[in-house]
Amino acid sequence: MKEIRMVDLQTQYQKIKQEINEEIQKVLDSSAFINGPAVQKFQADLEAYLQVKHVIPCGNGTDALQVSLMALGLQRGDEVITSTFTFIASAEIIALLGLTPVLVDVRPDTFNMDVEAVRKAITPKTKAIIPVHLFGQCAHMEEILKIAKEHHLFVVEDACQAIGSHYRFSDGSSRMAGTMGDFGCTSFFPSKNLGGYGDGGAIFTNDDELARKARGIVNHGMFVRYYHEMVGVNSRLDSLQAAILDVKLKHLDDYVVARKRAAAYYDKAFSSCPELETPHTAPFSEHVYHQYTLRLKKGNRDKLIAYMNEQQIPVMIYYPVPLHEQKAYQDPRYRKGDFPVSEQLCSEVISLPMHTELDEEQLAYICDHLKKAVELCQ
């Protein structure tokens, strides 16, 4: 049996090695390493794939979030609502810009933003909402967009874990993750469903003026060389990463199918294990399984993880500490117990290997040992 990895980028690369190497060589031959033809082509191909008007490539997913908020013209002290059960980036960029992070709890089934909690968190200072499409499925965007319209708020989707996922509206229409709000953001970190071989990110929007601002901000706030219209940053996707991503974009739908196949295997294997709660997919969203995250409802999680590691099976906890308990983001407004769902999830969640290269032998080995681990940790 092959070595089991949380993400097997080596095997994935071997399958597309010739395509990747040819495109890298084209960039090397052209020496157009910044904003070259490879970046322009990837941008256009991603716009077509997402059916969105504008894609603005940038340096990473965190920059994508920051640039989006900068383009919205928010002022110091403005409040931005996001989830407390997520990666730090969404709160980090709010704080970096002198804005005020307002945290809300998540749903116990999908782990995504609780829309009723969002309603309760709105104040006269609220200016934007950042829903995080966690682990591969969309937050309840129809309701979030309704709330935003009612209160004249911006919506910036953090779609870093859900690129390729479709959201279904109640009228039967469908949109892709990251294309429904004022802005959508993604990361091309190597482990993402569409990942490069280094850092990278992108911003999506259907608004011409917001796109214009974002394009200027990522390039030092200039549209004409050495003439700076606004305060900007230096955040560009390099041509080598764009060339790699453009190859992988052609395979993204197949990658989603492979992830769903592995998730279905896990679901079936654990269906008769009451101590484990398998991922729930919302009726309005496709799940593309950036992570396969279970809840251990009963038992010693540390003991379970130790056993799995002894069997050479990597497992991870996404996330062990909610944002309101992080040292850097402690706030007198919040205290332990204010976000009971997120706090409970942090004590229960465990993520299994999830990637495009998992084969049946590996899946069987993982599942057999996880069920043994559950028995041992009771």
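Okay, let's start with the small sheet: three strands, open, in the order E12-E13-E14, and the pairing is antiparallel. At its edges you find strand E12, residues 276-277, and strand E14, residues 349-352, each with a single partner strand, so each has one side left without a neighbour in the sheet. Keep in mind that this is a predicted model.

Now, which helix packs on this sheet? That's H9, residues 239-270, which touches E12, E13 and E14. Its direction makes about 20° with that of E13. As for the pairing, E12 and strand E13, residues 292-296, run antiparallel and are joined by two bridges. If you want a pair to click on, take Glu 277, which stands opposite Arg 295 in E13.

On to the other sheet. This one is open too, with seven strands in the order E1-E9-E8-E5-E4-E2-E3, and here the pairing is mixed. Its edge strands are E1, at 54-58, and E3, at 100-104, each pairing on one side only. From one strand to the next, the twist averages 25°.

Let me walk you in from the E1 end. E1 and E9 run antiparallel, with five bridges between them. Val 55 stands opposite Phe 204 in E9, and Pro 57 is across from Ala 202 of that strand. Helix H3, residues 37-50, packs on the sheet here, touching E1 and E9, and its direction makes about 135° with that of E1. A second helix, H5, residues 89-96, packs on the sheet as well, touching strand E2 (79-83), E3, strand E4 (126-130) and strand E5 (154-158). The angle between the directions of H5 and E3 is about 155°.

Back to E9 for a second. On the E8 side, four bridges join E8 to E9, again antiparallel, and Ser 187 stands opposite Gly 201 in E9. So how many of the residues in E9 are buried? Five of its five, so mostly covered is how I'd put it. In a regular strand, side chains alternate between the two faces of the sheet. In E9, Gly 201, Ile 203 and Thr 205 point one way, Ala 202 and Phe 204 point the other way, and all are buried.

Now a closer look at H5. Its buried residues are Ala 89, Ser 90, Ala 91, Ile 93 and Ile 94, and what they pack against is helix H4 (61-71) together with E2, E3, E4 and E5. Just after H5 comes Gly 98, with a positive phi of about 75°.

Next, a loop residue I like: Tyr 197. You'll find it between strand E8, at 183-187, and strand E9, at 201-205. Is Tyr 197 buried or exposed? Neither label fits, because its relative accessibility is 32%, which counts as partly exposed. Leaving out residues up to four places away in sequence, Tyr 197 touches Tyr 13, Ile 16, Ile 20, Pro 190, Gln 241, Ile 244 and Lys 248. Take Ile 244 from that list: it sits 47 residues from Tyr 197 along the chain, with 7.5 Å between the two C-alpha atoms.

Last stop, the surface. Phe 223, Val 224, Tyr 226 and Tyr 227 make a nonpolar patch of about 500 Å². Phe 223 belongs to strand E10, residues 222-224, and with a relative accessible area of 34% Phe 223 is partly exposed. That's my tour, thanks.

Methods
Residues are numbered from 1 along each chain as its sequence is written. This is a predicted model: local features need pLDDT of at least 70, side-chain atom pairs count only at pLDDT 80 or more; totals for chains, interfaces and linings use all residues. Side-chain values use heavy atoms; hydrogens and water are left out. Patches are made of residues with over 30% relative accessible area and no salt bridge: like charges are joined within 9 Å, nonpolar side chains (Val, Leu, Ile, Met, Phe, Trp, Tyr) within 5 Å. Accessible areas come from the Shrake-Rupley method with a 1.4 Å probe; for residues, only the protein chains shown count as cover. A salt bridge is a side-chain nitrogen of Lys or Arg within 4 Å of a carboxyl oxygen of Asp or Glu. Buried means under 20% relative accessible area, exposed over 50%, partly exposed in between (1.4 Å probe, protein chains only). Contact means heavy atoms within 4.5 Å. Two strands pair if DSSP finds at least two bridges between them. Axes are lines fitted to C-alpha atoms, for helices over the stretch in contact, and angles run from 0 to 180 degrees between N-to-C directions.
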